[in-house]
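Here's a structure worth walking through piece by piece. Have the sequence and the model open side by side, and let's start with one side chain before moving on to the strands.

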Amino acid sequence: MCRKSLFLISFFVILCLACTLYATIVTTADGNGADTFVTNDEASDKDSIMGTEETLEIRNYEGVRQRIGYLRFDISSVEIDGDHYFGGDLTRATLTLNVTGTQENWVSVYGVADGANDLWDEATLSYRTAPGVVYESPAIRSVPSGRYALDDAILQKLGQIQLGTGGLYSSDPNTLNMDYFMAQDTNKLITFIIINEQSDPEADWWITTKESDTPELAPVLNFPNALEPLKVIWVYDTINDSNSVQDDQFWIDWLVAAEYALNAEPDKWTELDTAEIAVLNDAGLIIFSLTADGNAYADDANEIAAWESITTPILNMEDWEQSEAGLKLFAEAINTLTEQPKVCTVDVIPPVLPAVSELPSIPKLPDPFKFMDGKRMTRLDDWTCRRSEISLLVQEYVYGPKPPRPSSVTGSYSDNQLTVHCSESGKSISFTVGIAHPPTGTAPYPAIINIGPWLTLPKTELDSLGIAVIYFPNDDLASQTSASARGKGKFYDLYGSDHQAGSLMAWAWGLSRLIDVLEQIPEANINPAGLGVTGCSRNGKGALVCGAFDERIALTIPTESGAGGASSWRVADALVAAGGNVQTARQIVTENTWMSPVFAQFGNRVDRLPVDQHMVAALCAPRPLLITENTAFEWLGPEACYTTAVAAHKVWEALGASDRMGFVQTSHGDHCGFKEIEELRAFCTKFLLDGQADTNVLKTDGNFDLNPSDWIDWDVPSLE
């Protein structure tokens with residue numbers, strides 16, 4: 001084979017790579033890791049050092065008998081590098097422990113604040129000196145003298161892990177969420193404490209440490225989204241030049257410094273066998289040396305066929321200049337060949353968001369494609385990160401935060417009634433939904449979750465399509481009787497009456513818990529992968545928020561939702577300024593509990609909002625969204641709703657999914673009297689039943705004075 005003809009392959013023509021994500025595992029035995037426990041009971045006093053023990057013990061007996069586990073992980077081996085293959089991602093980490101215990105139960109896990117608190121020495125750590133534990137301090141948490149207290153100033157409760165009577169036990173990211181805590185790390189050391197917060201004289205757990213006879217069973221942090229270093233095979237030969245690898249040292253030094261896993265064995269690849277082909281195909285990149293003799297690598301038909309079976313990208317180093325400019329080109333070539341979809345951590349690294357008074361004025365609709373750092377999207381996979389930013393902003397300034405899945409979510413089903421049970425930090429709530437299965441279709445059925453007890457969509461139409469209806473009791477979760485009802489409802493029973501989530505976000509949290517249970521209980525005969533959500537008027541506002549904040553919802557249909565739903569805040573203010581009678585931000589906060597308390601600060605300055613409702617709608621993208629509105633009711637802000645739709649649709653356009661977002665605005669005097677039957681059938685057929693239908697619709701029967709384009713001063717980017 002002629003090396004120059006077959007393998008003259010550069011980064012200009014190799015533009016794709018099916019990279020594989022590998023889990024990265026770190027144990028307490030790695031680097032500066034450590035594991036021990038501290039005790040204050042009478043058997044081992046508060047000065048006891050347990051750093052050499054082969055197990056660490058967790059218990060909370062009655063009286064003064066407390067044992068708390070300490071784990072430190074050195075994560076310096078997990079590289080963070082944004083976009084590229086040799087980088088890492090700390091999200092969705094899990095903790096695995098080898099346990100011998102007396103019972104199955106949940107224990108709490110806290111993260112210890114970054115910095116000096118991570119520098120404890122297990123050879124000297126005791127109950128008196130352990131970070132996060134306050135020795136005999138009745139002033140903290142009203143703990144009696146002699147009992148332990150936790151220092152909230154340096155601890156962050158992350159969740160719980162269930163331990164049992166024997167074996168390996170791993171956490172669930174939904175019940176032990178370490179994302180935000182990990183993202184705050186600066187010194188590559190992560191400290192956790194494990195504690196049983198319930199007094200129980202029968203409960204003990206012993207966890208294998210790195211000092212045991214089986215250190216491979218020491219505590220483990222598993223990073224499922226992290227990446228191993230890119231495997232690079234450097235192909236060169238010494239047949240004609242014994243100094244060939246030295247001649248290429250300039251490039252090799254860069255690869256080593258960049259922490260690639262480099263394999264550079266001379267003359268290994270001249271006669272490929274099955275095992276060598278497998279090694280080459282397992283690599284992330286093959287580089288042919290500047291001095292490699294192409295004829296040495298293919299001197300017969302078998303060798304040519306062997307090289308043609310290699311699927312790994314190949315970079316030819318022929319004629320590369322050893323200079324700063326050449327090195328830059330070399331680095332760019334490798335990065336292009338090995339580029340991964342962008343790893344987005346913005347959803348777990350909340351930026352320092354400014355106070356409302358410090359936000360800049362944005363008179364027109366904010367650009368949904370512009371990141372908070374001012375850069376604009378250029379790639380399709382940028383939307384994951386931008387969507388996360390928008391979600392943070394909307395939660396911060398509009399609807400309030402949506403709590404994660406609580407420690408326990410279970411359910412039961414009987415007589416077309418599904419009951420959802422949720423528990424967190426010793427508190428529990430339950431709510432029940434009714435399920436109406438269709439007379440046609442095939443179980444498990446797709447379903448529309450209706451916000452509230454009254455269904456706006458025509459039930460006969462859904463029945464004919466074979467789609468079930470689930471009636472979600474939103475008022476049970478959060479009251480919406482008036483502005484004075486804030487903090488009332490089962491959501492607030494669980495999280496406190498002062499929680500900053502408005503009722504719309506509380507409903508979204510409850511609907512997510514309903515989906516959790518639908519995923520657990522197949523006897524309900526509902527397909528959790530085929531769920532839609534709908535609601536009208538105030539409940540239409542809720543439907544949009546529910547769809548925006550749970551990606552398991554396959555189709556969102558808010559109807560006549562107006563302000564807080566499909567209506568733009570900025571356009572609504574302009575309509576009122578022109579003499580219209582439209583619900584605005586200033587008015588809505590006086591009417592009800594739908595928004596976060598923070599939102600009231602924007603009543604007279606909606607131009608300071610870093611988002612508007614077109615960006616709330618875009619949180620559904622590229623999932624399907626059908627908005628229906630009514631031009632007969634001025635209070636709903638028909639012009640503001642249409643402007644929102646036109647602006648939001650541009651996000652689906654940029655993502656190449658224009659047919660997944662529809663808007664229909666029809667005039668009729670029956671508020672919530674659903675008229676858009678044709679569009680409903682099309683969207684349900686296509687996105688809940690996997691059928692064929694035309695869902696390209698963006699229309700209004702309104703004769704508006706305002707032009708949506710006047711509110712949009714940004715263009716739709718062409719995304720790669």
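This is a predicted model, and a good way in is the side-chain contact between D118 and N187, a polar one at 3.3 Å. You'll find D118 in the loop that connects β6 (105–112) and β7 (133–134). What surrounds D118, once neighbours within four places in sequence are set aside? The contacts are R72, V112, A113, N187, L189, I190 and T191. R72 is also the nearest side chain of opposite charge, but at 6.9 Å from D118. A salt bridge needs a nitrogen-to-oxygen distance within 4 Å, so D118 sits buried without one.

Now turn to β12 (residues 200–208), which runs antiparallel to β3 (residues 55–61) and is joined to it by six bridges. To see the register, look for T55, whose bridge partner in β12 is T208. β12 also pairs with β5 (residues 94–101), again antiparallel, over three bridges. Here W206 of β12 stands opposite T100.

Further along, there's an open sheet of four strands, paired in parallel and ordered β15-β14-β16-β17. β15 (261–263) and β17 (314–316) have a single partner strand each, so they form the edges, with one side of each lacking a neighbour in the sheet. Ignoring direction, neighbouring strands here are turned by 20 degrees against each other on average.

At the β17 edge, three bridges tie that strand to β16 (residues 285–288) in parallel, and I287 stands opposite L315 of β17. Finally, find helix α4 (residues 249–257): it lies across β14 (231–235), β15 and β16, and runs at about 165 degrees to β14.

Note on methods. Residues numbered from 1 in each chain as written. Predicted model: local features only at pLDDT ≥ 70, side-chain atom pairs only at ≥ 80, totals over all residues. Heavy atoms only, no water. Helix = DSSP H or I, 4+ residues; strand = E, 2+ residues; numbered from the N terminus. Buried < 20%, exposed > 50% of the residue type's maximum accessible area, 1.4 Å probe, protein only. Lys, Arg positive; Asp, Glu negative; His and termini not counted. Polar contact = N/O pair within 3.5 Å; in protein donor to acceptor, adjacent residues only side chain to side chain. Contact = heavy atoms within 4.5 Å. Pairing = 2+ DSSP bridges. Axes fitted to C-alpha atoms, helices over the stretch in contact; angles between N-to-C directions.
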